[in-house]
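Reader: I would like a close look at one part of this model, namely the salt bridges and the residues that form them, and then at the surroundings in which they sit. Please take it slowly and give the cut-offs as you go.

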2 protein chains.
Amino acid sequence: MSHSKYESGNRKSNEIFIGKKPLMTYVTATLVQLANEPTVVIKARGKSITRAVDVAQIIVKRMNTLGYRVEKVKLGSDVLTGTEDDKPRNVSTIEVSISRSK
Amino acid sequence: MSHSKYESGNRKSNEIFIGKKPLMTYVTATLVQLANEPTVVIKARGKSITRAVDVAQIIVKRMNTLGYRVEKVKLGSDVLTGTEDDKPRNVSTIEVSISRSK
């Protein structure tokens, strides 16, 4: 199992990590968080980056009556250790902050 | 072949569209553009979104001596028409603007 700060467990309550579950699971989770938090950060890395953008677009565009917007998008990269060939590997990351439109 | 404004040919000279070529093809193309343009916009949609982030991270992080930075990241969605089942489909898009650090 590869490790990085991404999974080190110091997750804040307003963070949603995109994994392999169905997309709407993350849309629902984000909406539930947005009911309690002013801003929710959708985080993903590698191949899940596209799904993070999908979740953000569904909330902002297709559910536009709810009045949420993309506040900030942060790109980064993480070093994956413990991979099969034991070589550390760079993986891209994205953080999409969603908040209520002003 | 699916169509959208994405392929309507009104491409500007400082735009790089991520497709299926090897990653370094797009890294090189972006660097060549950055030699002539103050800002280059890396565009991708759907599954290629992750590769657009990879290209940006390679240029900004692994080639950090070149002094480029991510200036802006824009998320959006496009409507794909002419798909197999003839139903228009939403696809997420990303635009990553890279420019010289101030």
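Author: What follows begins with the salt bridges and then turns to the core, one helix, the record annotations and the relation of the chains.

This is a predicted model, in which local features need pLDDT of at least 70 and side-chain atom pairs count only at pLDDT 80 or more, while totals for chains, interfaces and linings use all residues. Residues are numbered from 1 along each chain as its sequence is written, chains are lettered from A and ligands numbered from 1 in the order in which they are written, and side-chain values use heavy atoms, with hydrogens and water left out.

A salt bridge is taken here as a side-chain nitrogen of Lys or Arg within 4 Å of a carboxyl oxygen of Asp or Glu, and eight of them are found over all chains. One of these joins the side chains of Arg45(A) and Asp78(A), with 3.7 Å from N to O. Because Arg45(A) belongs to strand E2 (residues 39-45) of chain A and Asp78(A) to strand E3 (residues 68-80) of chain A, the pair ties together parts that are 33 residues apart in sequence; strands (E, at least two residues) and helices (H or I, at least four) are DSSP runs, numbered from the N terminus. Both partners are buried, a word that stands for under 20% relative accessible area, with exposed meaning over 50% and partly exposed in between (1.4 Å probe, protein chains only): the value is 14% for Arg45(A) and 6% for Asp78(A).

In chain B, Asp78(B) forms a salt bridge with Arg45(B), and the closest N and O atoms are 3.7 Å apart. Asp78(B) and Arg45(B) are buried as well. A further bridge links Arg69(B) with Glu71(B), again with 3.7 Å between the closest N and O atoms, but here Arg69(B) is partly exposed at 25% relative accessibility and Glu71(B) is partly exposed at 39%. In chain A, Glu15(A), Lys43(A) and Glu95(A) are linked in a network of salt bridges.

Next comes the nonpolar core, meaning a set of buried Ala, Val, Leu, Ile, Met, Phe, Trp, Tyr and Cys residues joined through side-chain atoms within 4.5 Å. The largest one has 44 residues, of which Ile94(A), Ile98(A), Ile94(B) and Ile98(B) touch the most other members. Leaving aside neighbours within four places in sequence, Ile98(A) has contacts (heavy atoms within 4.5 Å) that include Leu34(A), Ile42(A), Ala56(A), Tyr68(A) and Arg69(A).

Helix H2 (residues 49-62) of chain B has 14 residues and spans 19 Å from its first C-alpha to its last, close to the 20 Å expected at 1.5 Å a residue, the expected span being 1.5 Å times one less than the number of residues. H2(B) is mostly covered, with eleven of its 14 residues buried, among them Ile49(B), Val53(B) and Ile59(B).

An unreviewed UniProt entry lists Lys20(A) for "modified residue: N6-acetyllysine". Lys20(A) is placed in the loop between strand E1 (15-17) and helix H1 (23-34) of chain A and is exposed at 83% relative accessibility.

Finally, chain B can be laid on chain A with an RMSD of 0.0 Å by a turn of 180° and a shift of 0.0 Å along the axis, superposed by least squares on the C-alpha atoms of residues with pLDDT of at least 70 in both. That is the relation of a two-fold axis.

Conventions. UniProt positions renumbered as here; feature names shortened; annotations may be inferred.
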